[in-house]
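Q: Please take a close look at one part of this structure and set it in the context of the whole chain. The account should state its terms and their cut-offs as they arise.
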Amino acid sequence: MKSTFEDAQKRLTNVFRYFELTDDVREKLKHPKLCLSVSIPVRMDDGRLKVFTGYRVQFDNTRGPTKGGIRYHPDVSLDEVISLSFWMTIKCAVMNLPFGGAKGGIVVNPKSLSRLELERLSRNYIREIADVIGPKRDIPAPDVYTNATIMGWMADEYANIKRQQLPGVITGKPVHLNGSLGRESATGRGALHVLQEWVNRKKLNPQQRTLAVQGFGNAGYHFARLAHDEGFKVVAVSDSKGAIFSEEGLEPGKVMDHKQEHKDLKSMMYCDGSVCDLQRYKKISSEEMLELDVDVLVLAALENQIHKGNAGQVKAKLILEIANGPVTSEADAILAGNGVSVLPDVLVNAGGVTVSYFEWVQNRAGLYWEEETVNDRLRKKMGKEANTIFDLVEEKSISLRTAAYLQGVKRIAGAISETGTREYFQEG
Ligand code: NAD
């Protein structure tokens with residue numbers, strides 16, 4: 001099987017063509033700083049002891065403490081976590097946040113656990129990685145199949161271990177446990193800001209522009225809901241069980257209400273329902289959804305969804321990457337050849353880490369902001385960094401992805417060379 005990390009690294013090759021990097025920077029960006037693999041023993045409800053595998057990877061901390069979410073999924077692997085930590089490093093630099101990149105994950109199908117098993121697993125994971133995280137060291141957050149409740153358990157466990165309240169150790173916490181207002185919808189909201197900036201740049205009318213959204217979880221749902229409110233027409237949405245389509249457009253709020261009615265899983269933390277349960281919409285396969293003739297294809301599920309096998313069938317003229325790494329480097333080349341623009345993950349989904357940064361700032365200051373302030377600061381930050389990248393695209397005639405990487409790598413390279421000792425060695 002191909003390594004996702006090797007594929008992720010290929011993006012740097014394009015950047016090196018436009019920017020002279022020192023060998024120090026190239027060398028540093030090839031290697032994660034720390035890869036921790038842990039065995040997590042959990043007492044199951046029936047009395048058995050089960051051991052789960054978990055990871056925490058810190059890729060680079062030159063620009064600040066490392067930051068990145070925790071994923072619960074049966075397909076989590078070290079290769080995937082390293083790739084995600086690499087993208088977090090680039091993303092924090094693209095957004096000019098004072099963080100490096102990290103990521104964590106547990107190999108588990110969380111839907112098969114009871115609520116108490118899930119809590120024990122989450123708390124035990126924090127016990128295993130407690131020595132390498134901290135508000136000034138490495139700050140986790142939610143990712144696929146983790147949420148505010150799980151972050152709350154984790155922050156509480158960390159406080160138990162350290163015997164002091166340190167809410168800045170984790171972001172994406174419940175608002176009652178020092179979380180930030182606006183964090184829940186931040187990733188979807190940030191993605192919409194980037195799309196709107198692009199639409200404005202290209203002087204397109206958002207009204208009735210059609211969207212198909214793959215992945216109807218935290219990021220995809222809030223994006224679809226907010227985009228619908230702004231006049232975009234969401235014609236298809238999908239989740240892990242399949243996709244639905246309506247030429248007249250769907251109402252994302254109603255689709256979510258229906259999906260949530262089916263909360264009959266053991267843990268009650270995840271809903272068993274699917275968008276496909278809605279009888280009044282046409283069901284299509286997940287593959288068909290990716291090939292719909294829409295204005296914008298929105299990818300908000302998992303990595304490697306558009307690859308060399310299906311890139312040629314994409315009819316949308318714009319892809320919005322809300323998921324991390326949903327388009328492979330081989331697919332990038334095919335899409336570019338077919339005139340499909342890709343608004344890249346390291347910019348598009350950065351709303352989540354930006355409001356996580358706001359949460360960390362609020363936790364450290366002990367001063368909490370109104371939701372309006374959070375949303376306003378997010379809009380300004382997304383607009384500023386998106387337009388810097390759009391300017392670079394025009395100035396250098398490069399792809400949106402290359403421009404975003406160029407911007408991020410320049411900031412990382414600046415930090416690495418300011419801390420390095422290379423010049424002294426050369427002088428000697
Ligand atoms: P989530 O667990 O809330 O939702 C994931 C959704 O994807 C679910 O609806 C699931 O059914 C669906 N899905 C899974 N496999 C699928 C498939 N093959 N086809 C279609 N749908 C599928 O996760 P999330 O937090 O929304 O994260 C989604 C993506 O966004 C991930 O790549 C994540 O890394 C990225 N992301 C999330 C955040 C955040 O703040 N939540 C921030 C940045 C990036």
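A: The answer below begins with the overall model, then turns to one pair of strands and its surroundings, and ends with other sites for context.

The structure is a predicted model, in which local features require a pLDDT of at least 70, side-chain atom pairs count only at pLDDT 80 or more, and totals for chains, interfaces and linings use all residues. Residues are numbered from 1 along each chain as its sequence is written, and side-chain values use heavy atoms, with hydrogens and water left out.

The protein contains 15 helices and 12 strands; these are DSSP runs numbered from the N terminus, helices being H or I with at least four residues and strands being E with at least two. Its C-alpha trace spans about 65 × 60 × 45 Å along the principal axes. The radius of gyration of the protein is 21 Å, which agrees with the value near 22 Å that a compact globule of 428 residues would have; the radius is taken over C-alpha atoms, and the globule rule is 2.2 Å times the number of residues to the power 0.38. Of the 428 residues, 57% count as buried, where buried means under 20% relative accessible area, exposed over 50%, and partly exposed in between, with a 1.4 Å probe and protein chains only. Among contacts between residues at least 6 apart in sequence, 70% join residues at least 24 apart, a contact being heavy atoms within 4.5 Å.

The part chosen for the close look is the pairing of E3 with E4. Strand E3 covers residues 66–73, and 8 of its 8 residues are buried. Strand E4 covers residues 100–107 and pairs with E3 in the parallel sense over 6 bridges; strands are said to pair if DSSP finds at least two bridges between them. One position in this pairing is Arg71, whose bridge partner in E4 is Gly105.

Arg71 also connects the strand pair to helix H3. Glu80 touches Arg71, along with Asp75 and Glu303, when residues up to four places away in sequence are not counted. Glu80 lies in H3, which spans residues 78–94. With a relative accessible area of 11%, Glu80 is buried.

Between H3 and E4 runs a loop that holds Asn96. The phi angle of Asn96 is near 55°, a positive value in a residue other than glycine. Asn96 counts as partly exposed because its relative accessibility is 38%.

On leaving E4, the chain enters the loop that leads to helix H4 (115–129), and Val108 is found in this loop. Val108 counts as buried because its relative accessibility is 4%. Its C-alpha atom is separated by 5.8 Å from that of Tyr72, although the two residues are 36 residues apart along the chain. Outside its neighbours within four places in sequence, Val108 is in contact with Tyr72, His73 and Pro74, and also with Phe52, Leu113 and Leu121.

Helix H4 itself includes Arg115. At 40% relative accessibility, Arg115 counts as partly exposed. Arg115 and Ile161 lie 22 Å apart in space, C-alpha to C-alpha, with their positions 46 residues apart in sequence.

Another parallel strand pair offers context. Strand E6 (residues 210–214) is joined to E7 by 5 bridges, and the two run parallel. Within this pair, Ala212 stands opposite Ala236 in E7. Strand E7 covers residues 233–239, and 6 of its 7 residues are buried.

Two further residues can be set beside the sites described above. Arg163 lies in the loop between helix H5 (148–162) and helix H6 (186–201). Like Asn96, Arg163 is a non-glycine residue with a positive phi, here about 55°. At 77% relative accessibility, Arg163 counts as exposed. Gln362, by contrast, counts as buried at 1% relative accessibility. Gln362 belongs to helix H12, residues 351–365. Apart from neighbours within four places in sequence, Gln362 is in contact with Ser180, Leu367, Tyr368, Trp369 and Val374.

In summary, the region joins E3 and E4 through 6 parallel bridges, with Glu80 touching Arg71 and Val108 in contact with Tyr72 and His73, among others.
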